[in-house]
Every structure is written in structure tokens, then in C-alpha cells.
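Trainee: Could you take one part of this model and go through it closely? I would like to know how it sits in the structure, and then how other parts of the chain are held against each other.

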Amino acid sequence: MKAVLYQVDAFADRVFEGNPAAIVPLSAWPSDEVMQAVAAENNLAETAFFAPEGEGYRLRWFTPAVEVDLCGHATLASAHVLFAHLGYAKPEIHFETRSGTLVVTREGDRLSMNFPAASPKPYPAPEAIAEALGGKARVWLKTSNLMAVFDAAEEVVALTPDFPALGRLLTPLNAGLIATAPGSGGIDFVSRFFAPSHGIDEDPVTGSAHCTSVPYWAKKLGKADLVARQVSKRGGTLWCTDAGERVILRGRCADYMKAEISF
């Protein structure tokens, strides 16, 4: 089977910024084992596959190790491929996914994604995880992921986790870990995202993590519209809106590569 693979930097104004995703449009589905092997070969945080279904598309996401329920940056990149390269002419795209129907809309030079919100709940401070993370969080919360809230952005930037230890501790929870803090200079909050239990030590920019962090910071800061910056080495900016049971995440994409693959 042959297919075209696009590598796209999502939540990026230029290449080498944001989060790279491999996008593979399909006309028919290969086996799960083949898709997992392609994702492992790409060795990016996510490889996304989509194929026509009904009035939209079925979309699936794979890390190098597992299929996941939700991935923001690869959804943004998939919509970018449809709009920019495959001639998709309607103003919005409907993706059917493990997390329900996800809608991506054009908004000027940004793409806007409508995702389910995940309001975090208080969680007892996990001492071993905190030690592996390498910083003293003020608050711990949990949805499907853990979230550690720090007092200052500098604390989040300075984290140097023990990834083998963090992976062992997070695996029984089947969770990633969001580290977040207030921002400054036009940025409402910053974050980093660690998922060693899913084969990703640090994800450069994580749309799905903002389904948790946006409701928290919207309530904390008393405002619905927020600008977020993920302060990984690559970095990336998201323009976000807390819409109650939904979260709106906006960003740009930059093209890096197009190639034919065989599997």
C-alpha cells in the first residue's frame, strides 16, 4: 500500500517551532498493527491517519508506542493538510474520533478546534511523582492527566524531570503530567507536558492538555479568552477560549515535508 505522508509543525508560525506531526491521508484503512508500525518508524509524538467517513473523516492518532484517545496538535495538522493541500473547500471539517466529533474551523490565518473540556479536580500531592518531576508544585489536580500548578513560569521552565522514574510512576495511572504556572507579558499561562508512560518524555506543544489547563486558568483568572504558551524547547502559542463544556483551541501550522511512503 502506498500513501503520501505530510510532516507539519502545529501551533507554529514557522518550521522548527511547535509540535511536529506526521499526517497520512487514506482511502482505506490498513491494520492497526501497520499504523502502529508506521508511527514507530516516524518516531514523532503523533502520527495521524484519516479517511473519509460520512460527511467528514474518521481520524486516529498513534504515538510511537500506543494509539491515543485525543491529540490536539495532530488534529490541527490534519485539518491543515486538508485545507492547504487536499483542496477541502468547506469552512469547517468534522472528524469522528475516539473522543467524539471534533470540529476544526478556519479563522483567518489560524485554525480553531472545538474540544471537550476536562475540568480538573483536587488530587493528593503525590510525593514520589513530585520528586521525579523535580519541582515543588503548589497545587495538584487530576483529570485523565495529572496537573501540577507552580507559582511562577520560571519554575516550570527550570524543571528537569527524572524521566525513567516519572514513567514508572505514571504508567499505573495511564496518565501524562501537565506542569503549569501563570504567565506574563501578554501570556496568561505557561505549561509543559510530560508523557514518558506513553513513549514521549516531553511533548513540545500539547493541544489535549489544554482541555484541562484552560478551564482551570479561566476560573482562576476570571476570563474566558486566554493566550497560552507551552514553554518546551521548541515552544508554541495557543489562543484559547473556555466555552463551558467545550474548549476552543486556535493555532497556526507550518509545512516541513511531503513524501510517499509504502507499507
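Mentor: What follows begins with one helix and then moves on to contacts elsewhere in the chain.

The model is predicted, so local features are used at pLDDT of at least 70 and side-chain atom pairs at pLDDT 80 or more, while totals for chains, interfaces and linings use all residues. Residues are numbered from 1 along each chain as its sequence is written, and side-chain values use heavy atoms, with hydrogens and water left out.

Start with helix α6, residues 210-221. Helices (H or I, at least four residues) and strands (E, at least two) are DSSP runs, numbered from the N terminus. Of the 12 residues in α6, 9 are buried, so the helix is largely enclosed by the rest of the structure. Buried means under 20% relative accessible area, exposed means over 50%, and partly exposed lies in between (1.4 Å probe, protein chains only). The buried residues of α6 are His 210, Cys 211, Thr 212, Ser 213, Val 214, Pro 215, Tyr 216, Trp 217 and Ala 218. After the helix comes Gly 222, with a positive phi near 70 degrees.

Cys 211 has a relative accessibility of 3%, so it counts as buried. Its sulfur lies 9.5 Å from the closest cysteine sulfur, that of Cys 240, which is too far for a bond. A disulfide is a pair of cysteine sulfur atoms within 2.5 Å, and the count by this rule is 0. Cys 253 is also buried, at 18%, and its sulfur is 11 Å from the closest one, in Cys 71, again too far for a bond.

Next, the charged contacts. A salt bridge is a side-chain nitrogen of Lys or Arg within 4 Å of a carboxyl oxygen of Asp or Glu, and the count comes to 14. One of them joins Asp 188 and Lys 223, with the closest N and O atoms 2.9 Å apart. Asp 188 lies in the loop between β12 (177-182) and β13 (189-195), and Lys 223 in the loop between α6 and β15 (225-230), so the pair ties together parts 35 residues apart in sequence. Asp 188 is buried, at 15%, whereas Lys 223 is partly exposed, at 35%. Elsewhere, salt bridges that share partners join Asp 32, Arg 60, Glu 67, Asp 69 and Arg 98 into one network.

Another salt bridge is formed by the side chains of Glu 260 and Lys 2 (4.0 Å, N to O). Glu 260 is in strand β18 (residues 253-262) and Lys 2 in strand β1 (residues 2-10), so this pair ties together parts 258 residues apart in sequence. Glu 260 is exposed, at 59%, and Lys 2 is exposed, at 58%. Arg 252 forms a salt bridge with Asp 13, where the closest N and O atoms are 2.9 Å apart. Arg 252 is in the loop between β17 and β18 and Asp 13 in the loop between β1 and β2 (19-25), 239 residues apart.

Rings make contacts as well. Rings of Phe, Tyr and Trp (its six-membered ring) pair if their centres lie within 6.5 Å; planes under 30 degrees apart count as stacked, over 60 as edge-to-face, and the rest as tilted. The whole structure has 10 aromatic pairs. In one of them, Phe 16 and Tyr 256, the centres are 5.9 Å apart and the planes at 65 degrees, so the pair is edge-to-face. Phe 16 is in the loop between β1 and β2 and Tyr 256 in strand β18, 240 residues apart. Phe 16 is exposed, at 59%, and Tyr 256 is partly exposed, at 44%. The rings of Phe 189 and Trp 217 have centres 5.9 Å apart and planes at 15 degrees, so that pair is stacked. This returns us to the helix: Phe 189 lies in strand β13 and Trp 217 in α6, so the pair ties together parts 28 residues apart in sequence. Both Phe 189 and Trp 217 are buried.
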